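Colleague: I have a structure open here and would love to talk it through with you. Could you take my questions one by one?

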Amino acid sequence: MAEEIQEQSRFAALRESGLARWRSASAWYRAKWHDSRRFRLANYVLGALLAVWFVVWLTVARGLPSADKLLTYQPPLPTMVRGYDGEIVSSYARERRVQLRFVDFPEPMINAFLSAEDKTFWTHGGIDYFGLAGAVVDYATKFGSGERARGGSTITQQVAKNILIGDEYSVTRKLKEMILARRIEGVLTKQQILELYLNEIPLGRQSFGVQAAARAYFDKDVGDLALQEAAFLAILPKAPERYGRTKFESQAIERRNWVLDQMVKNGWATQAQAAAAQAMPLGLKPRHTENYTADAGYFLEEVRRQLIEKFGEKAEDGVHSVYAGGLWVRTSLDTQLQTAAQNSLRAALLRYGGGRAWHGPIARIDLDDGNWQTQLITSNISIKYQNWRTGVVLSRSGPSGQIGFSDGKTADLIGVPDNMKPGDITAVAPVNSGTYAVRTVPEVSGGMVVEDPQNGRVLAMQGGFDARLGSFNRATQASRQPGSTIKPFVYATALDNGMTPASMVVDGTFCVYQGAALGEKCFRNFGNEGGSGSHTMRWGLEQSRNLMTVRVANDVGMDKVVRTIKAVGIGEYEPYLSMALGAGDTTVLKMVSAYGALANQGRQHAPTLIDYVQDRNGKVIWRADNRRCDGCNMAQWDGKPMPRLNATGKQVIDPRTAYQTVHMLEGVVTRGTAITLRDLGLPLFGKTGTTSGPTNVWFVGGSPDIIAGVYIGYDQPRSLGGYAQGGRIAAPVFKQLVQETRGRWKDIPFRVPEGVRMVKIDRVSGKRVFGGTPANDEAKASIIWEAFKPDTEPKRTVREGEVTAKQAVIDALRRAQGARGIAAAPAEDDAPVEQNFVEDQGGIY
């Protein structure tokens, strides 16, 4: 209790002491205020400064971002795309951006920018007060004139403006710059600040940073720039869209030479170096797009669609967005196969369309606006084929006219079709200096896909004549009837339900009653051919006989057929017999994937274009193959069995059925509707297709390692003409693909799966053959090897008198075995004896 009273007394004494000091100070302040005018003036100034500071804090500094954000700043970067071999094939970018480290910037480049923008950068603390004073005076003299005053910003202030607060023209923004510049100097080193600046500064031609600008203006890396070129880049921050234009070349040279003089004045270049640089022209390259190795617009556009679906398009969509995330994407694109696929499809389209009249413009623009060049540029229409170009017809007079191009240049145009009008965008090609002739882009189009059946990786994709003419991808987006290319899956269903390649099927009239409203429908072979009697199922597939296919589908049940078609991913169809002839819609990509399952012994892999995606730091953030391989990265073998990856894909067809179907489809190439491919001399299988009309022609097939599919037809389906067939138009596309990439196609036959017996049969009758050998000329051979599942092969028929002779041979063999001391197996009275399979059966399996 006494301690509490003592503590209270001590507290009271302190309070009285504090009050006494306050009264004393207050009395002193009042006396000074009353007696001293200077004291009062000093108080007024201090109060005014505090008020100004408070207003500045309230209106400017309070909402400023933290300078610490720059420590983890991630600039927007484009997505880079690589092919299967790791080479860069394209990028997805709306701006040119390349990030470099400070050590990557050459010293002349750094000094040129410091001379032009901030010569005291290494010594100031974020603000150049002398430069600021000059800017204030300049602002005051130009106030109200509408002219923009000289900035006076240091490089640190420009970093604050470009990254943190934006480019608003106001006194408020300048104050924000100054505050942030002081903060930035306290967070980052000078080298870090300069690295941010040189990577982020906008320099025109959609380029940000000096490396991107060096590529845009000189098609060089920064390390390869000459002194005058580095000085030119240093003048661009002042007017990036002005100095890079031809009409302002003299002003650009004058400004560049001033920078070179400043470098001499600052001791960063000798007088001789500067004089030599000043004597050089600007040497600017024309505007150009990045020239990557692959011309694979359809493939790359499909990759872009998939990436946007996974990661978003813009920065606000996520940190891994396509146009800001700086992704590195490894695709399955094979540039050699892609080029061959493009060449093959284009050649076929031009063969079919050759000699046909000009069918109309690629697009149209309005010439009345007077800005035809801008409209042509924004249309994004161009072409890359031989020396062709796209342009807009500006005028015409009879068969002649004027054509305008996206670079603003014009030329004479000849061979103008009667129905061509000014405003039409068309393809042209030069015939001599300053004169162009009209060229016709084929109206017919098509799609092609090349895939690896062992993993589903799409190696090439061509969705039309040229992706620059339009982004519609006929390989993935065009739903078309596949025609006879669906038939292998009808026959595969039959093989799964007790039939064999040697089963006899009637090639004759087949009609079905469709009800009172529709009556009876009778199917016909291609070209309205009638039947030709009974043939093997193999022959029916090789010759693509509609009547045999429909009869097989009816016998096994269309419900089973459409289940097989659905299982391989072609589509979901109603169980109508017409579906067995390819009446349902599908895409080239789906058909190629389905044939891939046949070639891969019934195991199907979902088609993929992207192998994996890395973020800007190299970390894999998505991959198509997510299998784990435990123990694959061991530093030393532990003596245990080698690690194995689990099988991927899905078993959609019995492996034996798949091989039997492939074996029959090899006959399509050897002696069937795709016989044009036989002289390639490779183990190939495939099937042609021609839809009613004919409106579409197809071929799908390949080898154990590469599958390709192609269709050709009009975008608005109409007849291709009576002569059009898959074997005549589509199969040659595949043939040219193989010829252009011959080294990629292995001479290795399809592997026979476990549980398949190879038996000699008569090709025409389907009966088993024990004598004779299949001829080397498979196209004319009467005896062939056929694939059967166990116990489905044709049984041997024994003529009278053969049993005694055969038994005598077997008895002689057994006596010879006994003489060599080989004991014969005991026989049971009520069971057949199987001594030696080859000896007893006389066949090879």
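Colleague: Which residues in α7 do I110, F113, L114 and E117 in α3 meet?

Modeller: Keep in mind that this is a predicted model. By class, the contact of α3 with α7 has six nonpolar, no polar and one charged residues. From α3 come I110, F113, L114 and E117, and their partners in α7 are L194, Y197 and L198.

Colleague: Nice. At what angle do helix α3 and helix α7 pack?

Modeller: Two packed helices are described by the angle between their axes and by the distance between those axes. For α3 (residues 107-117) and α7 (residues 190-200), the axes are 12 Å apart. Angles of 65 to 115 degrees count as roughly perpendicular, and α3 and α7 are therefore roughly perpendicular to each other. The packing angle is about 90 degrees.

Colleague: Now to the sheet. Which strands stand at the edges?

Modeller: Happy to look at that! Five strands form an open sheet with mixed pairing, in the order β2-β1-β5-β19-β20. An edge strand here has a single partner strand, so one side of it is left without a neighbour in the sheet. The strands at the edges are β2 (88-92) and β20 (620-623).

Colleague: And what is the bridge partner of R330 in β19?

Modeller: Strand β5 covers residues 328-331 and strand β19 covers residues 610-614. These two strands pair in the antiparallel sense over four bridges. In β19, the partner of R330 is Y612.

Colleague: At about how many degrees to β2 does α12 run?

Modeller: α12 lies across β1 (79-82), β2, β5, β19 and β20. Within this sheet, neighbouring strands are turned by 20 degrees against each other on average, direction ignored. Relative to β2, α12 runs at about 50 degrees.

Colleague: Is F299 buried or exposed?

Modeller: F299 lies in helix α12 (residues 297-311). Leaving aside neighbours within four places in sequence, its contacts include T331, L333, V458, M461 and L609. Buried means under 20% relative accessible area. With a relative accessible area of 0%, F299 is buried.

Colleague: One last thing: over which residues does pLDDT stay under 50, with 28 contacts beyond four places in sequence?

Modeller: The protein averages a pLDDT of 86, and 85% of the residues score at least 70. Over residues 798-803, though, the pLDDT is below 50, and this stretch has three contacts beyond near neighbours in sequence. Where pLDDT is low, the predicted coordinates should not be read in detail. The stretch with 28 contacts is residues 825-845.

Technical notes:
Residues numbered from 1 in each chain as written. Predicted model: local features only at pLDDT ≥ 70, side-chain atom pairs only at ≥ 80, totals over all residues. Heavy atoms only, no water. Axes fitted to C-alpha atoms, helices over the stretch in contact; angles between N-to-C directions. Parallel < 35°, antiparallel > 145°, perpendicular 65-115°, else oblique. Contact = heavy atoms within 4.5 Å. Nonpolar A, V, L, I, M, F, W, Y, C, P; charged D, E, K, R; others polar. Buried < 20%, exposed > 50% of the residue type's maximum accessible area, 1.4 Å probe, protein only. Pairing = 2+ DSSP bridges. pLDDT = per-residue confidence, 0-100.
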